[in-house]
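Please open the model in a viewer and keep the sequence panel visible beside it. The tour below proceeds from the whole chain to single selections, and each stop states what to select and what is there.

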Amino acid sequence: MVKKNLKGLTLQELEEFMATLGEPAYRARQVFKWIYKGVTQFDSMTDLPKSLIKILNDKACISMIKIYKKFESALDKTVKYVFLLEDGNMVEGVKMEYSFGVSACVSSQVGCRMGCAFCASTIGGMVRNLSGGEMADEVLAIEKDTGKKVSRVVIMGSGEPLLNYDELIRFLSLLNSPLAFNISFRRITVSTCGIVPEIIRLADEGIPVTLAVSLHAPDDVLRNRLMPVNRIYPILQLLDACKYYIIKTRRRITFEYALISQVNDTQECARKLSMLLKGLLCHVNLIPLNPIREKGFEKSKPDRVAAFEKILSSSGISTTVRREMGADIEAACGQLRRSILDEVKE
Ligand code: SF4
């Protein structure tokens, strides 16, 4: 008999499963709490009766991903992880430490099919979606490794989260559950390359997570070149969806803009971006690009980054140049996984 994996079930689903075993709802709550403390053995759930532990050992299991490799920064407390999933696939995650606590950046898919020109995650295409339980496992693995509670989560690793919508929502509800991670929706960021119908769907969900939109270009000609998704959902449609998201959630949108030398970092681009975003409740994160060896793109020079930032700020647009965390273990999204896949192939 195939055992039921309890990792990733919502509390209600777990209650339903326990009911099939003739157990009351409070037993589900006990098991649920243990699972998100990182416990994977029913024998360690000390408040369950032995008879129930035996039944659970027979009928259920709790999956757990493993840390395959980790890269620790000597400059700050950033750690980049390569996680090994139970089917042998790998994804990346990052732990960052700030004065306000520990943040985890997690992946939502193995690889990605969106084809952004500057991204290593998309080079081998999309392999599969992660389950909500696997995404939760990335957070649990980071908590277990660091011995610290994660207080913010950013879903900005490999994959397009909004194309794994149902499992994303499952993950968000686990993050927010007081009996699991107990993280406020306001401390969770979902990134997207701009899947317009799913932005609208998320806006209607009633969960005020921060939306981070990867913009990376101020006009359709350049964005079509850098991000193929723009040919389906061009910039003005995307901005309309963003406005809808702001109205529904009352949350400020974050626009991510990776500065690529001589491609999208000109003063003209900065001026166009200012015009585009003027009056919108938003914040712009400027990120000097992590170079990708396969793509031939270079990081913008500091003086160009500063000039770009100045134009946005002087137009009244809230802008930050993202601090480079873990600069000595620099590896763009997807690069670590790819280098390990290459290593395995060799
Ligand atoms: S930037 Fe994000 S959406 Fe684009 S290819 Fe990479 S992982 Fe996919």
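**The whole chain**

Begin with the entire protein chain in view: of its contacts with a separation of 6 or more, 67% are accounted for by residues 24 or more positions apart. Please bear in mind throughout that this is a predicted model.

Display the chain as a cartoon. Eleven helices and 14 strands make up the elements of the protein chain. If the C-alpha trace is shown alone, it spans about 70 × 50 × 40 Å along its principal axes. How does the radius of gyration agree with that of a compact globule? For 346 residues a compact globule would have a value near 20 Å, and the protein chain has 21 Å, so the two agree.

Next, switch on the surface. The protein chain exposes about 15400 Å², and carbon and sulfur atoms supply 52% of that area. Of the 346 residues, 54% count as buried. Colouring by charge brings up 48 positive and 40 negative side chains, with the centres of the two sets lying 3 Å apart.

**Stop one: helix α5**

Select residues 165-176, which form helix α5. Why does the length of this helix agree with expectation? Its twelve residues, at 1.5 Å a residue, should span 16 Å, and the end C-alpha atoms are indeed 16 Å apart. Now show the side chains of Tyr 165, Leu 168, Phe 171, Leu 172, Leu 174 and Leu 175, which are buried. What do the buried residues of α5 pack against? Their partners include the helices α2 (25-35), α4 (132-146) and α6 (196-203). The strands β6 (101-106), β9 (150-155) and β10 (188-192) are also among them.

**Stop two: Ser 103 in strand β6**

Move to Ser 103, which lies in strand β6. Is this residue, Ser 103, buried or exposed? Its relative accessibility is 4%; the cut-off for buried is under 20%, and therefore Ser 103 counts as buried. Leaving out residues up to four places away in sequence, Ser 103 touches Val 94, Lys 95, Met 96, Tyr 98 and Arg 152. For a distance across the chain, select Ala 212 as well: 109 residues separate Ser 103 and Ala 212 along the chain, and their C-alpha atoms are 15 Å apart.

**Stop three: Ser 44 in a loop**

Select Ser 44, found in the loop between α2 and α3 (50-59). With a relative accessible area of 37%, Ser 44 is partly exposed. Apart from its neighbours within four places in sequence, Ser 44 is in contact with Trp 34 and Val 39. Ser 44 and Trp 34 are ten residues apart in sequence, and their C-alpha atoms are 8.7 Å apart in space.

**Stop four: the loop between β11 and α7**

Go on to the loop between β11 (210-214) and α7 (220-226), where His 216 has its place. His 216 is not a glycine, yet it has a positive phi of about 65°. Its relative accessible area is 5%, so His 216 is buried.

Asp 219 is placed in the loop between β11 and α7 as well. Setting aside neighbours within four places in sequence, the contacts of Asp 219 are Ile 235 and Lys 272. Adding Lys 4 to the selection shows a separation of 49 Å between the C-alpha atoms of Asp 219 and Lys 4, which are 215 residues apart along the chain.

**Stop five: Arg 250**

Select Arg 250 in the loop between α8 (235-249) and β12 (253-259). Arg 250 also has a positive phi, of about 55°, although it is not a glycine. Is Arg 250 buried or exposed? Arg 250 is exposed, with a relative accessible area of 72%.

**Last stop: Glu 309 in helix α10**

Finish at Glu 309, in helix α10 (residues 302-314). Glu 309 is partly exposed, at a relative accessible area of 23%. Which residues does Glu 309 touch, not counting those up to four places away in sequence? They are Leu 286, Thr 319 and Val 321. To return to helix α5, select Leu 172, one of the buried residues of that helix. The C-alpha atoms of Glu 309 and Leu 172 are separated by 32 Å, with their positions 137 residues apart along the chain.

Note on methods:
Residues are numbered from 1 along each chain as its sequence is written. This is a predicted model: local features need pLDDT of at least 70, side-chain atom pairs count only at pLDDT 80 or more; totals for chains, interfaces and linings use all residues. Side-chain values use heavy atoms; hydrogens and water are left out. Helices (H or I, at least four residues) and strands (E, at least two) are DSSP runs, numbered from the N terminus. The radius of gyration is taken over C-alpha atoms; the globule rule is 2.2 Å times the number of residues to the power 0.38. Buried means under 20% relative accessible area, exposed over 50%, partly exposed in between (1.4 Å probe, protein chains only). Contact means heavy atoms within 4.5 Å. Accessible areas come from the Shrake-Rupley method with a 1.4 Å probe; for residues, only the protein chains shown count as cover. Lys and Arg count as positive and Asp and Glu as negative; His and the chain ends are not counted. The place of a charge is taken as NZ of Lys, CZ of Arg, CG of Asp or CD of Glu. The expected span of a helix is 1.5 Å times one less than its number of residues.
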